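Me: I should like to learn how to read a few features of a structural model. Could we begin with the ligand and then turn to the helices?

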Amino acid sequence: MAEPLVESAVWRRLQWHRGEVEALHLRGVFESDPTRGERLTAEAAGLHLDYSKHRLTDDTLQLLRRLATERELPEKVRAMFRGEPVNTSEGRPALHVALRMPRFRSLVVDGVDVVKGVHSELDRMSAFADRVRSGEWVGATGRRISAVVNIGIGGSDLGPAMAYEALEPYASRELTARFVSNVDPADLAGALTGLEPGETLFVVVSKTMSTIETIENARASREWLVSALGAGADLTPHFVGVAGDPEAGERIGIPSENMYRIWDWVGGRTSLCSAVGLSLLVTLGEESFRSLLNGSQAMDDHFANTALGGNLPVICGLLAVWYRNFMGAETTAVVPYSDALRLFPAYLQQLWMESNGKSVTTSGEPAEVDSGSVLWGGSGTNAQHAFFQLLHQGTALIPVDLIGFAQSAEDSAERHDLLAANLLAQAEALAFGRTADELEDAGAPEATIPHRVMPGNRPSSVLLAERLTPATLGALVALYEHSVFTQAAIWGINPFDQWGVELGKELASRIAPELAAGWKHELHHDSSTNALIHRYRALRDGR
Ligand code: F6P
């Protein structure tokens with residue numbers, strides 16, 4: 001049996017080493033090594049990572065790499081790429097990397113070349129997208145499609161919604177995309193506002209095709225179409241679907257020839273590059289969608305083939321472990337300086353927290369150390385005027401990823417430079433702060449000095465790319481996917497299952513009929529849930 005993680009020499013050494021690092025301030029660290037800002041950087045797939053403003057030394061990095069080696073990260077990466085059943089509790093591979101492998105490659109899993117299957121499905125999707133984009137695919141009244149409404153939730157929504165917002169400049173001007181996820185009727189109503197029913201295509205995405213929110217929204221969409229187009233209208237061209245089992249579309253009236261497939265080895269939160277991206281493929285077109293895949297693939301290749309020291313996802317993952325397990329950070333923030341990426345933190349929340357929110361190891365034993373941190377964030381500069389105060393002067397240590405681009409999609413270089421100036425300024429302010437002496441020299445009134453001192457020594461990564469393109473976005477997505485995998489490999493947990501979300505779903509399906517039932521219906525929950533059900537019914541019915 002492998003040695004317990006906390007008893008390994010490298011873990012103990014890191015615990016001890018933490019004291020050495022805590023004694024340092026980034027000001028001193030930079031002063032003693034003028035090359036640090038250029039040295040602690042790495043590049044891959046069009047992304048430049050500056051991790052010099054982290055609270056670590058060369059020894060920290062060396063120890064973290066040793067930890068990764070001892071926890072068999074390279075072997076685990078190889079196992080994932082080979083299609084071994086790394087999702088141990090569900091006994092299957094996690095092969096999102098196969099979704100973006102080039103056509104000429106082959107990856108045989110259980111006797112089947114999955115790359116071949118991926119490309120044949122991609123070709124089907126592309127042919128369908130072409131028909132919609134060219135106007136050949138028409139609705140019940142013979143009109144071409146002008147709106148694509150994606151219905152899905154979690155991984156069947158967050159990725160496509162985020163990517164569409166991010167890449168809207170690449171989307172067809174002839175097509176509007178809307179995303180509906182919440183079972184709150186307001187969500188669907190809002191998404192349908194202003195749409196022409198005869199020109200609307202619904203893409204119903206659910207790997208299981210049993211997620212209640214999605215099924216109900218698909219049903220309500222059909223009703224919306226029927227009330228506008230009449231009960232006799234042929235609604236077949238208004239719905240396509242994406243599911244694990246193509247026959248499952250029948251349950252909501254979608255024939256199997258209009259279904260696209262997501263394999264069971266693709267997890268919801270890592271499914272953007274699969275048929276889950278169909279609404280993106282339709283709105284962006286094949287070329288842009290394929291460049292998104294190529295961007296992810298470039299990062300996959302880098303992750304699989306680069307030594308730990310220069311490997312971007314490995315560096316990011318090990319930094320997350322360092323802060324979580326040794327420096328006491330419970331949360332991590334992500335701040336893209338790009339309004340187009342405003343949904344990126346929400347997208348990452350599922351990837352990061354659904355994957356690594358686990359407290360047992362792959363073998364079912366209690367996790368030995370803290371795992372998954374809380375990820376949160378928002379777009380810069382708005383975030384500066386909202387939560388950055390806490391990052392700068394609060395008592396919690398919160399590492400931040402600042403993501404920026406050198407060129408804007410809009411024609412306003414000046415304002416874009418101002419945006420970038422803010423990103424760089426925040427990283428500088430977080431790291432180096434402002435001392436009492438500096439404030440005094442600048443003539444700050446004495447009484448204000450304690451309030452104005454900026455402690456600095458607050459860690460951040462800066463991720464810079466030339467421009468937010470489909471390929472850059474693909475690379476960013478894969479970077480975080482593999483960082484999450486790296487963390488899980490160190491902690492010995494399975495990042496690919498999500499059993500924790502099941503109980504709530506089960507209870508909701510028990511409570512839903514109880515809400516509809518009359519007040520005489522007996523309830524058998526705890527006293528709080530019973531009382532809340534009574535109160536809800538009374539408020540709803542105006543009693
Ligand atoms: O709620 C958890 C979850 O299973 C996610 O992992 C998944 O992305 C989402 O629900 C949607 O699932 P489906 O695609 O099967 O509708």
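Reply: Let us begin with a polar contact. This is a predicted model, and in it an N or O atom in the side chain of Thr-208 lies 2.6 Å from an oxygen atom of the ligand.

Me: Which residue places a polar side-chain atom 2.7 Å from an oxygen atom of the ligand?

Reply: That residue is Ser-156. Gly-155 contributes through its backbone instead: one of its N or O atoms there is 2.7 Å from a ligand oxygen atom.

Me: Which residues come nearest to the ligand?

Reply: There are 14 residues around the ligand, and those that come nearest are Ser-156, Ser-206, Thr-208, Thr-211 and Glu-354.

Me: Is Thr-283 buried or exposed?

Reply: A residue counts as buried when its relative accessible area is under 20%. Thr-283 has a value of 0%, so it is buried. Thr-283 belongs to helix H10, which covers residues 278-284. Beyond its neighbours up to four places away in sequence, Thr-283 touches Arg-133, Val-148, Tyr-164, Ala-171, Ser-172, Leu-175 and Ala-177.

Me: How should one describe the way in which H5 and H11 are placed to each other?

Reply: One reads the angle between the two axes. Angles over 145 degrees count as roughly antiparallel, and 65 to 115 as roughly perpendicular. The axes of H5 (residues 73-82) and H11 (residues 286-305) cross at roughly 140 degrees and come within 9 Å, so the two helices are oblique to each other.

Me: Which residues of H5 and H11 meet?

Reply: Val-77, Met-80 and Phe-81 of H5 meet Asp-300, Phe-303 and Ala-304 of H11. Five residues of this contact are nonpolar, one is charged and none is polar.

Terms used: Residues are numbered from 1 along each chain as its sequence is written. This is a predicted model: local features need pLDDT of at least 70, side-chain atom pairs count only at pLDDT 80 or more; totals for chains, interfaces and linings use all residues. Side-chain values use heavy atoms; hydrogens and water are left out. Helices (H or I, at least four residues) and strands (E, at least two) are DSSP runs, numbered from the N terminus. Buried means under 20% relative accessible area, exposed over 50%, partly exposed in between (1.4 Å probe, protein chains only). Contact means heavy atoms within 4.5 Å. Axes are lines fitted to C-alpha atoms, for helices over the stretch in contact, and angles run from 0 to 180 degrees between N-to-C directions. Angles under 35 degrees count as roughly parallel, over 145 as roughly antiparallel, 65 to 115 as roughly perpendicular and the rest as oblique. Ala, Val, Leu, Ile, Met, Phe, Trp, Tyr, Cys and Pro count as nonpolar, Asp, Glu, Lys and Arg as charged, and the others, Gly among them, as polar. A residue is near a molecule or strand if one of its heavy atoms lies within 4 Å of it. A polar contact is a pair of N or O atoms within 3.5 Å; within protein, one must be able to donate a hydrogen and the other to accept it, and residues adjacent in sequence count only if both atoms are side-chain atoms.
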